[in-house]
Amino acid sequence: MYDCIIVGAGPAGGTAAYHLAKRGRSVLILEKESLPRYKPCGGGVSPAIAQWFDFDFSPVISVKADTIRCTWNMGDPVEVKLDTPEPVWMVRRDVFDHFLVQQAQKQGAELKDNMEVTGVEFKSDHWQVNTNNGPVTARYLIAADGAKGPMAKWLGFKERKRRLAAALEVEANTKVANTNIIDFEFGLVKNGYAWNFPKADGYSIGVGTFIGGEPQDFKKILDEYGKNFDININTCKQYGHALCLWNGEQALHTQNALLAGEAACIVDPMTAEGIRPSIYTGVKASEAIDKALSGDVSALKNYTDVINDEWGSDMAWAAKIAGLLYRFPKVGYKAGIKRPSGPQLMGKILCGQLRYSDVAGRAIKKLTPFG
């Protein structure tokens, strides 16, 4: 029997496995795909994650971006060099996620990939996890199986507070003129934005909508946006996927089990940043499980409290800013983004130098129409 089984080998699962294994706990990671596996994602990683690890991420950083460029209907641009100690990291998720798991394996964690979980059962004092290759057991579980994974429902989290967002993305292999520039386009999309994140050998280009509203032709928008970079999206494989945006405080623990990563609905409702918050939940989940294994009966509840207090409280401010920016996008672009201070603040938030609570008062004042 393992101390902990982690379902899902994304950033949350890999992080939790690394830290638990490093503490001497027996850990099994179950992943339904074969690693490394593709994951649709812009691949922008906050350098702030380095504080949670004692190894170097350089081998998996494709390029570093120190400049943000924003446009409205592909015109009216503003370009700002970030005043941050370290640029934003650009990664390929297949490489990045697998690297995290490999670090966990070096600490003693086990990986069984290409293994699908088919159900879970609590047996008096431990979990039995049923898979397509037979059952495995552990004292504790971490559900880190993403936005569409079944674990949360199986664990009894039937009605999670979450806002489901939609995104369409392509990976375009092409020569990149400026590998240091992240591009955001705000006019083509209702209630969201389009993005172009550079890599050493191409772009991760996509479009997403974050506060609902009427259906949009993502493919048409992405096609128009891609032409700006001489990309024909019809020659690229397209990936549609859901995002679980934070939408209020909620329980993230149950009997001997925790939700982490997108299963815990932790994606930033303003920027749709998901990697850093996923890693954060992995760090905190590992601490909670370790304490629970040592006999702390309140450890799992404390995990819920920490995520709600430390991450959720700031996401409440992010949601307020997003609500204004995406509902009044033209006002928002001119008042909040076209000014160089806007992208600069966005960069500092992405890099972990600022929290939304630090800028919310000023941002909401700027973005409120006629206010």
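Buried means under 20% relative accessible area, exposed over 50%, and partly exposed in between, with a 1.4 Å probe and protein chains only. The model is predicted: local features need pLDDT of at least 70, side-chain atom pairs count only at pLDDT 80 or more, and totals for chains, interfaces and linings use all residues. Residues are numbered from 1 along each chain as its sequence is written, and side-chain values use heavy atoms, with hydrogens and water left out.

**View 1. Strand 13 and its side chains.** Strands (E, at least two residues) are DSSP runs numbered from the N terminus. Strand 13 covers residues 181-185, and 5 of the 5 are buried, so this strand is largely enclosed by the rest of the structure. In a regular strand the side chains alternate between the two faces of the sheet. Here Ile181, Asp183 and Glu185 point one way, while Ile182 and Phe184 point the other way.

**View 2. The neighbours of strand 13.** Two strands pair if DSSP finds at least two bridges between them. Strand 5 (residues 67-72) pairs with strand 13 in the parallel sense over 5 bridges, and Cys70 stands opposite Phe184. Strand 14 (residues 192-199) runs antiparallel to strand 13, joined to it by 3 bridges. In strand 14, Trp195 is opposite Phe184.

**View 3. The hairpin of strands 13 and 14.** Between these strands lie 6 residues, and Asn191 in this hairpin takes a positive phi near 60°.

**View 4. An open sheet of 3 strands.** The strand order is 3-7-4, with antiparallel pairing. Strand 3 (44-45) and strand 4 (63-65) are the edge strands, each pairing on one side only. Strand 7 (residues 88-90) is joined to strand 3 by 2 bridges, and Met90 is the bridge partner of Gly44.

Note on methods: Helix = DSSP H or I, 4+ residues; strand = E, 2+ residues; numbered from the N terminus.
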